[in-house]
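Visitor: Hi! Could you walk me through this structure?
Guide: Happy to, let's look together.

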Amino acid sequence: MSALTETAIVEAVRRGRREGQTEMVGRYAERVFAMIVRQVPDVMDAQELTQDTFMRAFDHIDSYDSNKASLSTWLCRIAYRLTLDFLKRRRPVIVSIEDSKVWQTDISDEAIEAELSTGREERIEQLREVIDSLPDDERMLLTLYYFEDRPLTEIAYITGIEAKPLANRLYRTRQKLYKKLRIKN
């Protein structure tokens, strides 16, 4: 069964065939789970969201369009939305401090990269803390871009944000990380 193409898997799921569902889960569950568990630290919640992702995919398989995205990317789009919804219900509202004068200056890509790429263990821990303090959608964006190593075109599809505004948003998020790290020092 593992020799099925994406097209064959989708067609089997559309026809309600169990082996298509089994193949889809077997092939993509690990990747979906890895994306979710980076955002939802409770493994049980992450497993439940992974199951919900596949249940939603099975129910809405007719909306999948292979011309727009791969099956893996489509599943990550579903997981992205379910995870953000879950986090919105669980997380307190964070008030942004971006309006202060400290946040008004532009920073070069080189300065941001130098600040964020240092390998010191203490700095890595600070970076984790700062990332955890970001709003859910910004943490997800960083996860997709840096941890999942996805191109902006795929992230745009997953998040439903056009590529150019997404690139700007990624830049602003990186600036925010830089500034928060500078304040911590």
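Guide: One term to begin with: helices (H or I, at least four residues) and strands (E, at least two) are DSSP runs, numbered from the N terminus. This is a predicted model, where local features need pLDDT of at least 70, side-chain atom pairs count only at pLDDT 80 or more, and totals for chains, interfaces and linings use all residues. Residues are numbered from 1 along each chain as its sequence is written, and side-chain values use heavy atoms, with hydrogens and water left out.

Visitor: Okay, so where is Asp149?
Guide: Asp149 sits in the loop between α7 and α8.

Visitor: And what is its phi?
Guide: Phi of Asp149 is near 55°, a positive value in a residue other than glycine. For background, most residues other than glycine have a negative phi.

Visitor: Is Asp149 buried or exposed?
Guide: Asp149 counts as exposed, at 64% relative accessibility. The cut-offs are these: buried means under 20% relative accessible area, exposed over 50%, and partly exposed in between (1.4 Å probe, protein chains only).

Visitor: Tell me about α7, then. How many residues has it got?
Guide: Helix α7 has 12 residues. From its first C-alpha to its last α7 reaches 15 Å, close to the 16 Å expected at 1.5 Å a residue. That expected span is 1.5 Å times one less than the number of residues.

Visitor: Which residues of α7 are buried?
Guide: They are Asp136, Glu138, Arg139, Met140, Leu141, Leu142, Thr143 and Leu144.

Visitor: How do α7 and α8 cross?
Guide: Their axes come within 10 Å and cross at roughly 150°. Axes here are lines fitted to C-alpha atoms, for helices over the stretch in contact, and angles run from 0 to 180 degrees between N-to-C directions.

Visitor: Which residues make the contact?
Guide: From α7 there are Leu141, Leu144 and Tyr145, and from α8 there are Leu152, Ile155, Ile158 and Thr159. Contact means heavy atoms within 4.5 Å. These residues divide into six nonpolar, one polar and no charged. In that count, Ala, Val, Leu, Ile, Met, Phe, Trp, Tyr, Cys and Pro are nonpolar, Asp, Glu, Lys and Arg are charged, and the others, Gly among them, are polar.

Visitor: New topic! How many salt bridges does the structure hold?
Guide: The structure holds 11 salt bridges. A salt bridge is a side-chain nitrogen of Lys or Arg within 4 Å of a carboxyl oxygen of Asp or Glu.

Visitor: Can you show me one?
Guide: Try Arg14 and Asp62, whose side chains meet in a salt bridge at 3.4 Å, N to O. Arg14 lies in helix α1 (residues 6-14) and Asp62 in the loop between α3 (43-59) and α4 (71-90), so this pair ties together parts that are 48 residues apart in sequence. Arg14 is partly exposed at 36% relative accessibility, whereas Asp62 is exposed at 62%.

Visitor: Anything back around α7?
Guide: Yes, Glu148 and Arg38 form a salt bridge at 2.8 Å, N to O. Glu148 is in the loop between α7 (136-147) and α8 (152-159) and Arg38 in the loop between α2 (18-37) and α3, so the pair ties together parts that are 110 residues apart in sequence. Glu148 counts as buried at 11% relative accessibility, while Arg38 is partly exposed at 37%.

Visitor: Which residues do shared partners join into one network?
Guide: Salt bridges that share partners link Arg31, Arg38, Glu148, Arg150 and Glu154 into one network.
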